[in-house]
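Colleague: I would like to discuss the charged side chains of this structure. Could you take me through them step by step?

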Amino acid sequence: MKKTALLLLMLPALLLAACSLLDGGGNTIASDLERHRRQWERQGFDTYEYDLTVGCFCVFRGPAHVTVRADTIFSVIAVATGAPVDPNFRFAYQTIDDLFDVIEEAMKHPADRLEVTYDETLGFPSFLYIDYDFGLADEEISYEAANVHPLR
């Protein structure tokens, strides 16, 4: 009887925790997303460059130096070769604003696993891992962003 009563008392808290998409630090993924998106927007960067590594089971993975002008990708240069990334594979590379949208879409889907780490200084997503379906192989994707610098 005591176990049943204890379970009934704990059930609302357990349901609330399960439904809130906790990220392990006590904050919801959604509130972290909005807080960091606002932090990024306060930087006022619409023209910048950064390094982005796309990890997936695909031919367009790897680190690239991305230049963004007026919130639009201007160039994507493969770090390994110094050559432009094949235009057929440039769709894999994102602006920082696009990375926030990728996170939001993974939340709506919802992805079976979503991990996000943000840069605490500028607010951009510095690491993002998505596994949309645990039952499917090779549909996972990750993004690692670094060396973000505004261009004037």
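Modeller: A salt bridge is taken here as a side-chain nitrogen of Lys or Arg within 4 Å of a carboxyl oxygen of Asp or Glu. Please bear in mind that this is a predicted model.

Colleague: How many salt bridges are there by this rule?

Modeller: The rule asks for a nitrogen of Lys or Arg within 4 Å of a carboxyl oxygen of Asp or Glu. Applied to this model, the rule gives a count of five.

Colleague: Is D32, which pairs with R35, buried or exposed?

Modeller: The D32 and R35 side chains form a salt bridge, with N to O at 3.1 Å. Both residues belong to helix α2 (residues 29-43) and lie three residues apart, about one turn of the helix. R35 is partly exposed at a relative accessible area of 37%. Buried means under 20%, and D32 has 9%, so D32 is buried.

Colleague: What separates E34 and R37 along helix α2?

Modeller: The closest N and O atoms of the E34 and R37 salt bridge are 4.0 Å apart. E34 is partly exposed, with 33% relative accessible area, whereas R37 is buried at 14%. Because they are three residues apart in helix α2, the separation is about one helical turn.

Colleague: Which residues are joined into one network through shared salt-bridge partners?

Modeller: R37 also meets D101 in a salt bridge, at 3.2 Å from N to O. This pair links distant parts of the chain, since R37 is in helix α2 and D101 in helix α3 (residues 96-108), 64 residues apart. D101 is partly exposed, its relative accessible area being 38%. Through shared partners, the network consists of E34, R37, D101 and E104.

Notes. Residues numbered from 1 in each chain as written. Predicted model: local features only at pLDDT ≥ 70, side-chain atom pairs only at ≥ 80, totals over all residues. Heavy atoms only, no water. Helix = DSSP H or I, 4+ residues; strand = E, 2+ residues; numbered from the N terminus. Buried < 20%, exposed > 50% of the residue type's maximum accessible area, 1.4 Å probe, protein only.
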